[in-house]
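Hello,

The structure is below, as promised. My notes on aromatic contacts and one strand follow it.

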Amino acid sequence: MNGLSKRALFVRGGWAGHEPVAATDRYAAFLRGSGYSVTTSQTLDAYLDDLSEVDLIVQCWTMGQATEEQVAGLSAAVRAGTGFAGWHGGVVDSFRDRPAYHLLTGGQFVHHPKEFVRYEVRVVADHPAVAGLGAFEVFTEQYYVHADPGNQVLAVTNYLDDPDLPWVGNPVMPVTWVRRHGAGRVFVTTIGHRLADLEVPEVDSMITRGMAWATR
């Protein structure tokens, strides 16, 4: 990845169970090693700043509340060309009461089984973020999401039998997708509950390549 002269902003916070500091430190170090200038923010007021010179925003902020103005600032920056990327609840379980944010991400977490499960992830598209990756397994939370039909889905899983939702069956569930939001590129994967998930080679590869693809 050639990130010379690129600027990345990590915005992290929310529910501590997703280890927002440790998880973002992992990828901030990666981007610095790839030549990016990296800054971090632990306030959503970062979205009120002038983001016109930021090439990539990586968010890890599970749940929490964002103001209308904060979401509007983020959305405007991405529409103008800033890339946006994230994983798991840090990106698809953020700001549940802000539909404008969900229009940006293209998906929203709805449910996961109470326990970790082992499930297979299958690559279903030709895209730089998943090039050369075959099917792989993870042992972690399996997200049930509502997703925008306009997404380009890169990887899927079959939702497993869930004793809490026996009526939903085994639908094919998107795991990783990309989309456009105005001039900006958006990358999302639903894997990443814990640091061990990010260390799975295929997951790590999707995220690092996804960030590269999303960068302006």
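Tyr144 is buried, with a relative accessibility of 18% (buried means under 20% relative accessible area, exposed over 50%, partly exposed in between, with a 1.4 Å probe and protein chains only). Tyr159 is also buried, at 0%. This is a predicted model, in which local features need pLDDT of at least 70, side-chain atom pairs count only at pLDDT 80 or more, and totals for chains, interfaces and linings use all residues. Residues are numbered from 1 along each chain as its sequence is written, and side-chain values use heavy atoms, without hydrogens and water.

A search of the whole structure gives six aromatic pairs (Phe, Tyr or Trp rings, the six-membered one for Trp, with centres within 6.5 Å; planes under 30 degrees apart are stacked, over 60 edge-to-face, the rest tilted). One of them is Phe95 with Tyr101, edge-to-face at 4.9 Å between centres and 70° between planes. Phe95 is buried at 1% relative accessibility, and Tyr101 is buried at 1%. Both belong to one aromatic cluster with Phe84.

Tyr144 and Tyr159 have ring centres 5.2 Å apart and planes at 90°, so this pair is edge-to-face. The pair links distant parts of the chain, 15 residues apart: Tyr144 is in strand β8 (residues 144-147), Tyr159 in the loop between β9 (152-158) and β10 (172-181). Strands are DSSP runs (E, at least two residues), numbered from the N terminus.

In strand β7 (residues 136-140) the side chains alternate: Phe136, Val138 and Thr140 are buried on one face, whereas Glu137 and Phe139 point to the other and are not buried.

Regards

Notes: Helix = DSSP H or I, 4+ residues; strand = E, 2+ residues; numbered from the N terminus.
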